[in-house]
Amino acid sequence: MHTIHVNRIEEMYQHPDIALAIGFFDGIHLGHLTVINKMIEIAEEKKLKKAVMTFDPHPSVVLNPEKKRTDYLTPLNEKKRIFESLGVDYLFIVPFTSKFAAMAEKDFIRDYLTNNHVKEVIAGFDFTYGKFGKGNMLKLAEDRQGFNVTAVSKKALNNEKISTTDIRRMLTEGEVLKANEQLGRPYKIAGIVVQGEKRGRTIGFPTANVMPDEDYVMPKLGVYAVTLKQVATGETFKGVCNIGYKPTFHDPSKSAVSIEVHIFDFSESIYGERVEVFWHEFLRPEQKFSGIDALIAQINLDKRQAEEILRDIDRSSVL
């Protein structure tokens with residue numbers, strides 16, 4: 001996949017004719033996949049290269065600073081990886097700046113579509129462009145210059161529209177099962193295993209302390225059934241994860257949130273390795289225990305519950 005960070009318009013133009021899916025695509029959930037799969041279908045039918053145009057940062061950073069979105073379900077590098085796995089040939093990353101937000105509709109069409117060798121544009125029905133977002137899919141179909149336009153209708157699950165906003169809410173409320181349904185896969189946070197306090201070893205539950213390497217949306221604080229993948233080897237292991245402040249040992253007001261995974265039947269040292277944590281089910285909120293014995297008893301219960309939940313998880317099903 002050719003990734004083009006569009007710092008100058010001309011940087012986009014050195015490629016064959018393309019079918020282009022446009023959107024921010026945070027989460028790349030089932031609704032987004034409908035758009036991308038439609039692009040792939042059209043590209044293959046018309047013998048065009050497959051392309052995606054996305055934006056960075058989120059438009060809210062420019063358009064709504066008071067409610068700007070600075071964490072993501074799929075940060076930029078994760079989006080790149082998923083697009084590549086889907087067979088995309090060209091990825092255009094457009095800086096969403098004040099100047100870009102104020103661009104006239106006709107200029108966007110000319111510079112980013114017509115001159116960019118776009119022959120097919122595919123986007124969600126609610127995609128907008130141009131100053132104040134006045135351009136929409138109906139106008140794009142009317143004003144098109146040398147390309148066809150396909151608007152993909154909303155994707156629903158259990159009679160509810162699939163949306164990034166809802167998935168973010170579900171995760172922060174601990175509704176991981178529902179979030180994963182809308183994503184079409186387990187939610188994932190990638191990062192590096194770093195040195196922790198090593199307290200888990202002293203109570204019989206060593207953990208991998210995972211430091212996220214991008215700005216991911218953090219799930220609700222608490223305990224989860226998870227799988228952990230070592231990126232270097234591709235091996236996936238089952239485990240139980242605590243995300244939070246560890247209030248039994250720390251004052252939450254003076255501590256940072258940590259992600260600590262106890263991997264079942266695993267004793268290797270993986271400090272410094274990149275891993276991916278897949279979140280399968282919320283077990284319980286984080287809590288403060290009266291002492292070490294009470295904590296150990298609860299961890300044993302958590303472990304048994306996670307083992308049962310993960311018993312039938314296909315390790316190859318995680319992305």
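Which strands does helix 1 (residues 30-46) lie across? In this predicted model, helix 1 lies across strand 2, strand 3, strand 5 and strand 8. Relative to strand 5, helix 1 runs at about 160°.

These strands lead to the sheet itself. An open sheet of 6 strands is present, with the order 1-4-3-2-5-8 and parallel pairing. Strand 1 (2-5) and strand 8 (148-152) form the edges, each pairing on one side only. From one strand to the next, the twist averages 20°. Within this arrangement, strand 3 and strand 4 run parallel and are joined by 6 bridges. One residue helps to place that pairing: F55 has V94 as its bridge partner in strand 4.

F55 is a helpful guide to the surroundings as well. With neighbours within four places in sequence left aside, F55 is in contact with I22, G23, F24, K79, V94, F96, F100 and F127. F55 also appears among the residues with the most contacts inside the largest nonpolar core, together with L20, M53, F92 and L113. This core has 31 residues. At least two residues each come from strand 2 (18-22), strand 3 (49-56), strand 4 (90-95), helix 4 (98-101), helix 5 (105-114), strand 5 (118-124) and helix 6 (137-143). The most is given by helix 5, with 4 residues. Apart from this core lies another, of 30 residues, including Y216, Y224, I263 and V277.

Helix 5 deserves a second look. Of its 10 residues, 7 are buried, so helix 5 is largely enclosed by the rest of the structure. The buried set consists of E105, D107, F108, I109, D111, Y112 and L113. L113 is thus a familiar name, as one of the residues with the most contacts inside the largest nonpolar core.

Two further residues show how surroundings can be read elsewhere in the chain. Q298 is found in helix 10 (residues 292-310). Its relative accessible area is 19%, and Q298 counts as buried because the cut-off for that class is under 20%. Not counting residues up to four places away in sequence, Q298 touches R284 and F289.

G184, for its part, lies in the loop between helix 8 (176-183) and strand 11 (187-194). With a relative accessible area of 51%, G184 is classed as exposed, because that class begins over 50%. G184 and H29 are 155 residues apart in sequence, yet 6.3 Å apart in space, C-alpha to C-alpha.

Key: Residues are numbered from 1 along each chain as its sequence is written. This is a predicted model: local features need pLDDT of at least 70, side-chain atom pairs count only at pLDDT 80 or more; totals for chains, interfaces and linings use all residues. Side-chain values use heavy atoms; hydrogens and water are left out. A nonpolar core is a set of buried Ala, Val, Leu, Ile, Met, Phe, Trp, Tyr and Cys residues joined through side-chain atoms within 4.5 Å. Buried means under 20% relative accessible area, exposed over 50%, partly exposed in between (1.4 Å probe, protein chains only). Contact means heavy atoms within 4.5 Å. Two strands pair if DSSP finds at least two bridges between them. Axes are lines fitted to C-alpha atoms, for helices over the stretch in contact, and angles run from 0 to 180 degrees between N-to-C directions.
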